[in-house]
Amino acid sequence: MMSSTPAAGDGVGDGDMESLPLVSEYASVASTFDPLLSASAAAASPPSSPPGRGFTPSNTMSSSSFVDPPSYADVAGAGADAFSPRSASASPHSSFASPKRSARAASSEYEHITVSDPETEAEPAATSLVPGSAPTYISYLVTSLRRGDGQPTQVRRRFRDFVTLADRLAEAFRGHFVPPRPDKNTVESQAEGKMPLPGSTDVASRMLDGAARLPRQLLGEETVAAPQDVVQPAKGGRDLLRIFKELKQSMVTDWAGVKPPLVEEDREFLEKKQKLQEWEQQLTSASQQAEALVKAQQDMGDTMGALGLAFIKLTKFETEEAMYDSQRIRAADSKCIATAAVKASRACRDLNAQTVNYLDTLHDHLSIMLSVHTAFADRASALLTVQTLMSDLASLQSRIEKLEAAASKIFGGDRARLRKVEELKETIRATEDAKFCALREYERIKENNRSELHRLDRERKEDFLEMLKGFVTSQCYVSVMLDSTDLAM
Amino acid sequence: MRTWGPLKWKILVKSKDGDFMDKERSPSQSPRSSAAAVAGGAPFLSISVTDPVKMGTGVQAYISYRVITKTNLPEFEGPEKIVIRRYSDFEWLHARLAEKYKGIFIPPLPEKNAVEKFRFSKEFIELRRQALDLFINRIASHPELKQSEDLRTFLQADEEQRMDRARSYETGIFKKPSDFLQMFKDVQSKVSDVVLGKEKPVEESTPEYEKLKNYIFELENHLAEAQKQAFRLVKRHRELGQSLADFGKAIKLLGACEGDLMEKVFSEVGSKSEMLSIKLQREADNLLFNFEEPLKDYVRAVQSIKLKVGSEEATKRFEHIVRLMNEELARFQEQKTADIGLAFHEFAKGQAKLAKDIADAWRSILPKLEACSTS
């Protein structure tokens, strides 16, 4: 554990996050680096292809293709009547928050968090032989506003800082569904400025979004001395001995040679896990099909546009130096077709922007599944720790028994053996303390899992209903745009 | 020199079994009018190309068509005659007419080659049948071409009456190796002349003639582009249909994981998706037959005119040609305007209906979705 004193009031600076202390005063640390919530960042970005996202609408879609989602009332009432399309005045919305996100956002501690404005900066301590080729990194502007605060806070953070935050959250919130951080590679390729920013900021903001909603139960957690070391499963090469022991234990558990004393007996949990596995499978397939659908809609729009263009050219050709009357008639006809096709093409593109937006829920939930896996893994490893300790205890106990039995056979006692027994008893006491902590940790994680699963169930229902409603509504709306008056000939 | 007479484009509709039926027939074709003509004693000649059947196996396989001729003209052997013909037989007829009636725009044939696996697809067969039917009927409606003896031979000769033209079954009834060769040479020289721009010295040409030529050449380019995009649009409709079907299925499976109310909702959306997929496939067919094919036909016609306009003989006789061609073209243009106007109308109608169907379908399940979220 780091024990340097917190750098109070230093949060607004661009100091390296790794020097910030991780102590029980989590709140103070949190306020210095301002985790974020950002639905707005996701919307502000033009819908060009961020790799982490999975949807790749073509880059030719300009910002004008992002439109307000039509309300249900608008569409239901439209029928066959003339409908003034709001998307005709497609205005890029800088803070377009889909209803589900704003509802959840309302319960968060943070009013909003945004990640934006990537900038290349030079490594501070770097020296370079060739001037102008100093190693650089990208920094992002993180703007956040906590409820009750007057002014938003702004800091610059680099990718490394996000990684640190992610790691710490993972440690502090074992068993919770901590959203995954963006991939390093995603960010790397963006470092050259080739791909647009939204990818990493979007995933980053989603991560922070989730992080801001994690409960603050770490406040006031007592620090326990020795057993603390044992409670975390062996990790990071700190304790090779523990690693080997746990490995042995997990193998034993796997091969079921020895029946472990404590087994994952929570049937409800196992059922839930199974169901989630199926869910994830179907989700993956659905998100793939959704991508194909988006591409097909995109292509349709493109070809319609090309058709319209071809007819515009034909019209122009037939009207220039028309020799016959029939040419004029044909030109008028082809002009109609051209107009209709171009309009249809635009409608297709608008629709696609909406579709991408709504079907993105599928991707969101895929990344949630990632965090679920981590949470379940936390649980499994905590259980493993408990089991290892229990089998340790069992073997210590049996050693004591053997020694005592051997010692009792010798008349007058066996000082060496008895001393050994005392040592072992001491070890047992320590191990029991450790087991007690490990069990408590395991129970804690179990409870986290349970409450998170409950939350996920609820949010999943909300999100998907939202998605379907939005998807269907947008399909109605755009089709209505192509009413027969456009195509009447 | 006359072009083929007025022939209404037949609008094709796919029935539920996937077969094609005509929605409307041109007056010269309808049973009623032929019956009336017979009754009234007016001369008529009615031909239909029907019943495509796959013959043979493997590489040698081909499609044969049934050609039914109904007529009361004395030049013909009888009131009705049915013969079996294949594509190469139509080619023979085209070549013979082109040779004998040099000044006339012979109606175009559908394309010879097709990608192997596409060759026997239902749509391709039907498109070809339709185009061949149009071809033979345009000939029959043409005041000069309809009197051709070759046409009569084509319509009436049985397999036994091969005469000295008959050849082996594989290559069709009317092929002679030398005929073949000559045909090839003709086509080759015409095409290469045009392609290489190797027309006869321009000294005999007038600006008016050049203007005509330029118009034809450019018209072909624009039409070909439009037709290309139309063909792509057909493909897009099929692709979108397929992806909607797949998506619908996946959504249903996803809902099945949830169970209860959610499952119902997912299932509704999935089913609608699948239903709309079918509508899209239908519209793809509609576009193919009633929009793309007419455009294609137009392109073919312009291409054959182009060959004529760029050919050696034409440039030699340009004065005569120019006057006649202008008349010809005017008539051709009128004809085409009507055809294409109809095709455009079908396009607009089809798309409007599709859009409406899509909107209606989705709108119908919105109340259910709405009810879900308030509960």
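This dialogue goes through a predicted model of two chains, A and B.

Q: How are residues, chains and atoms treated here?
A: Residues count from 1 along each chain as its sequence is written, chains are lettered from A and ligands numbered from 1 in the order in which they are written, and side-chain values use heavy atoms, without hydrogens and water. The model is predicted, so to speak of local features takes pLDDT of at least 70 and side-chain atom pairs count only at pLDDT 80 or more, while totals for chains, interfaces and linings use all residues.

Q: Which helices and strands does chain B have?
A: Helices (H or I, at least four residues) and strands (E, at least two) are DSSP runs, numbered from the N terminus. Chain B has nine helices and five strands, in the order β-β-α-β-β-β-α-α-α-α-α-α-α-α from the N terminus. Chain A has 13 helices and three strands.

Q: What share of each chain is buried?
A: A residue is buried under 20% relative accessible area, exposed over 50% and partly exposed in between (1.4 Å probe, protein chains only). In chain B, 53% of the 375 residues are buried; in chain A, 46% of 489 are.

Q: Why does V178(A) count as buried?
A: V178(A) counts as buried because its relative accessible area is 15%. V178(A) sits in the loop between α5 (159–172) and α6 (184–191) of chain A. Its C-alpha atom is 7.9 Å from that of V372(A), 194 residues apart along the chain.

Q: How many residues does each chain bring to the contact?
A: Contact means heavy atoms within 4.5 Å. Chain A gives 59 residues and chain B gives 59 residues. Buried area is the accessible area (1.4 Å probe) that two parts lose on being put together, summed over both. Between these chains it is about 5,400 Å², with 78% from carbon and sulfur atoms.

Q: How many salt bridges cross the interface?
A: A salt bridge puts a side-chain nitrogen of Lys or Arg within 4 Å of a carboxyl oxygen of Asp or Glu. The rule finds four between chain B and chain A. One of them joins D299(A) and R236(B), at 3.9 Å from N to O.

Q: Which elements of chain B supply the side that touches chain A?
A: α6 (207–258), α7 (260–310) and α9 (318–374) of chain B each supply at least two residues of that side.
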